[in-house]
Amino acid sequence: MGKRGSIIGGVGLLFGCYILTLFWISGKQNPYLVQIDAKQDYFMIDREWVGEEFEIPVVIHNTSWKAIAAEFRISLSYHLYALNQEEQTLLSIENIRTEPGQILPGEQKEVSMRITVPLEKGVYIFYVDLLEEGVTWYSERGTKTKPIVVEVI
């Protein structure tokens with residue numbers, strides 16, 4: 001291979017490295033990628049709690065490059081579904097908010113998420129999600145929601 005072939009090979013190698021770098025950076029640039037877990041994913045709640053606030057412990061692991069903090073108007077909330085014979089029915093998206101406090105990139109924190117216990121007996125699924133008020137739900141940008149089943153008895 002001559003001088004020209006070496007130059008073309010070098011340019012191809014540089015271009016390949018450039019493309020790989022772009023893929024690596026693009027994965028790191030999404031500020032909405034976090035991991036949400038729960039210490040427990042099923043709760044039985046007595047009817048005496050109907051309409052009241054109840055706390056569910058969740059763990060947020062900030063895998064993005066952006067801090068989660070009140071100054072960015074970031075809250076923890078949920079999408080509420082009723083479960084009837086294997087079918088889920090959306091009941092509400094706009095629900096009570098919980099301030100998670102500050103969670104820096106790479107950190108994780110346990111947060112007591114507040115929910116409002118549904119008014120009727122039955123099985124409900126609370127899909128836990130973060131949101132940046134007025135901007136987006138994190139699930140709309142790639143974060144997987146955490147389903148927590150609550151049975152009101």
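Here are a few questions and answers about this predicted model.

In this predicted model, local features need pLDDT of at least 70 and side-chain atom pairs count only at pLDDT 80 or more, while totals for chains, interfaces and linings use all residues. Residues are numbered from 1 along each chain as its sequence is written, and side-chain values use heavy atoms, with hydrogens and water left out.

User: Which strands stand at the edges of the open sheet E1-E3-E6?
Analyst: Happy to help! Strands here are DSSP runs of E with at least two residues, numbered from the N terminus, and two of them pair if DSSP finds at least two bridges between them. The 3 strands of this open sheet pair in the antiparallel sense. Two strands have a single partner each, so one side of each lacks a neighbour in the sheet: E1 (34–38) and E6 (108–116).

User: Over how many bridges do E3 and E6 pair?
Analyst: E3 covers residues 53–62 and runs antiparallel to E6. Within this pair, Ile56 lies opposite Met113 of E6. The number of bridges between E3 and E6 is 9.

User: Which element gives the most residues to the largest nonpolar core?
Analyst: Such a core is a set of buried Ala, Val, Leu, Ile, Met, Phe, Trp, Tyr and Cys residues joined through side-chain atoms within 4.5 Å, buried being under 20% relative accessible area with a 1.4 Å probe, protein chains only. This one has 30 residues, and Val58, Leu130 and Val150 have the most contacts inside it. Elements giving two or more residues include E2 (42–45), E7 (122–132) and E9 (146–152). The top contributor, with 5 residues, is E4.

How values were computed: Helix = DSSP H or I, 4+ residues; strand = E, 2+ residues; numbered from the N terminus. Buried < 20%, exposed > 50% of the residue type's maximum accessible area, 1.4 Å probe, protein only.
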